[in-house]
Amino acid sequence: MTSSNKSASPVMVIIAFAIVYIVWGSTYFFIEKAVAEFPPFMLGALRFLMAGICLTAWCVIKGEKLFGIPNIRHAIISGLLLLFFGNGIIIWVEQSVPSGLVSITVSSAPLWFVLLDQPKWADNFRSRSIILGMIIGLAGVLMLFSEQVAASMKGTGSIAIGTMALLILASIAWVGGSLYSKYKSSKGSTVVNTSWQMMSAGIAFLPGMLIRGEASGFDWSGVSTGAWLSLFYLVFLGSIAGFSAYVWLLKVRPAMQVSTYAYVNPVVAVLLAVIFANEKITLIQILGLVTILGSVLLINMAKYRREKIAESLKLKAESPVRERALS
């Protein structure tokens, strides 16, 4: 995959967005299934070490340069923010909180992208379409999960301030790692950077696993086939395919546009709940789904119009130069 906006294939961009939108939306469901049988730190270590080893082996086969010191340092920092803190908190919380409710927190990611992406402040805060799209998307997510939130909060203060604060911290860590990866890890192969991110996160889970004694006495034979399949899904689709596509998109598309995955992932989570958990979808949830998709369209159209205007202005500026060259 290339890292240039100009040379990035539109087809590859569409495929990458489809992977991030759909596959990542399903990972909440599979994390919940896996963490029901694997301890949380063990699950994180297994997932990211397995993915990191697979990607590293691929890099060796392809003859990629693995040991560029500056790139390794940047990849480790972004990997810890994205995968150890961002994803690790989600794994921990999903021990007790339903995956659908957890997925609500990703809806705040575009807000943090706007607030933390300092180089893009002028563009993002100047576009009313982007701001409106963000607000509409957030409203759609709230509509989508309003009934579940109300039921969860009614009479039980347990899904309360501490848990929600952790989930907000996870969202901030994820956005911080994404922006760091975009601006600091732009050099070198995407696959190499991703492999170091995975390895660093997987290693970071090991001390917690040892301190909590998760491996001692763990009955590997007692893990169900469904839990193993969930783990493998998280490794190969969620981590290798999904995360690689995400890191590449951060290189070739604006971070604000990439962050629209945060509005689509909950849609996928709801559909999985309907199909596999026999949950019924209500009218307000259907309205929420439509609202979310409309917000994504609005944000993407704003970016598309801006790029077309910039391209048109560039062509106009270049045309006199061409005419003088031909005359």
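Leu115, Leu116, Trp121 and Phe125 come together as a nonpolar patch on the surface, and their accessible area adds up to about 390 Å². Two elements each give two or more residues to this patch: helix H5 (109-116) and helix H6 (121-126). Before going further, please keep in mind that this is a predicted model.

Let us stay with one member of the patch for a moment. Phenylalanine 125 sits in helix H6. Is phenylalanine 125 buried or exposed? It falls in between: its relative accessible area is 48%, so phenylalanine 125 counts as partly exposed, given that the exposed class begins over 50%.

**A helix with a bend**

Now turn to helix H1, which covers residues 10-35. What span should its 26 residues have? At 1.5 Å a residue, the expected value is 38 Å, and the C-alpha atoms at the two ends lie 37 Å apart, so the two values agree. H1 is still not free of a bend, as its axis turns by about 30° at tyrosine 28.

**One salt bridge**

The count of salt bridges in this model comes to one. Its partners are arginine 212 and glutamate 214, whose closest N and O atoms are 2.3 Å apart. How accessible are the two partners? Glutamate 214 has a relative accessibility of 7% and therefore counts as buried, because buried means under 20%. Arginine 212 has a relative accessible area of 42%, which means it is partly exposed.

**Contacts across the chain**

Some residues that are separated along the chain can also be compared in space. Leucine 210 belongs to helix H9 (residues 190-211), and with a relative accessible area of 63% it is exposed. Isoleucine 168 is part of helix H8 (residues 161-184), and its relative accessibility of 42% makes it partly exposed. The table shows a partner for each of these two residues.

| Residue | Partner | Separation along the chain | C-alpha distance |
|---|---|---|---|
| Leucine 210 | Methionine 42 | 168 residues | 9.0 Å |
| Isoleucine 168 | Serine 108 | 60 residues | 7.8 Å |

Reading the rows in words, the C-alpha atoms of leucine 210 and methionine 42 are separated by 9.0 Å, with their positions 168 residues apart along the chain. For isoleucine 168 and serine 108, which are 60 residues apart along the chain, the C-alpha separation is 7.8 Å.

Note on methods
Residues are numbered from 1 along each chain as its sequence is written. This is a predicted model: local features need pLDDT of at least 70, side-chain atom pairs count only at pLDDT 80 or more; totals for chains, interfaces and linings use all residues. Side-chain values use heavy atoms; hydrogens and water are left out. Helices (H or I, at least four residues) and strands (E, at least two) are DSSP runs, numbered from the N terminus. The expected span of a helix is 1.5 Å times one less than its number of residues. The bend at a residue is the angle between axes fitted to the seven residues ending there and the seven starting there. Patches are made of residues with over 30% relative accessible area and no salt bridge: like charges are joined within 9 Å, nonpolar side chains (Val, Leu, Ile, Met, Phe, Trp, Tyr) within 5 Å. Accessible areas come from the Shrake-Rupley method with a 1.4 Å probe; for residues, only the protein chains shown count as cover. A salt bridge is a side-chain nitrogen of Lys or Arg within 4 Å of a carboxyl oxygen of Asp or Glu. Buried means under 20% relative accessible area, exposed over 50%, partly exposed in between (1.4 Å probe, protein chains only).
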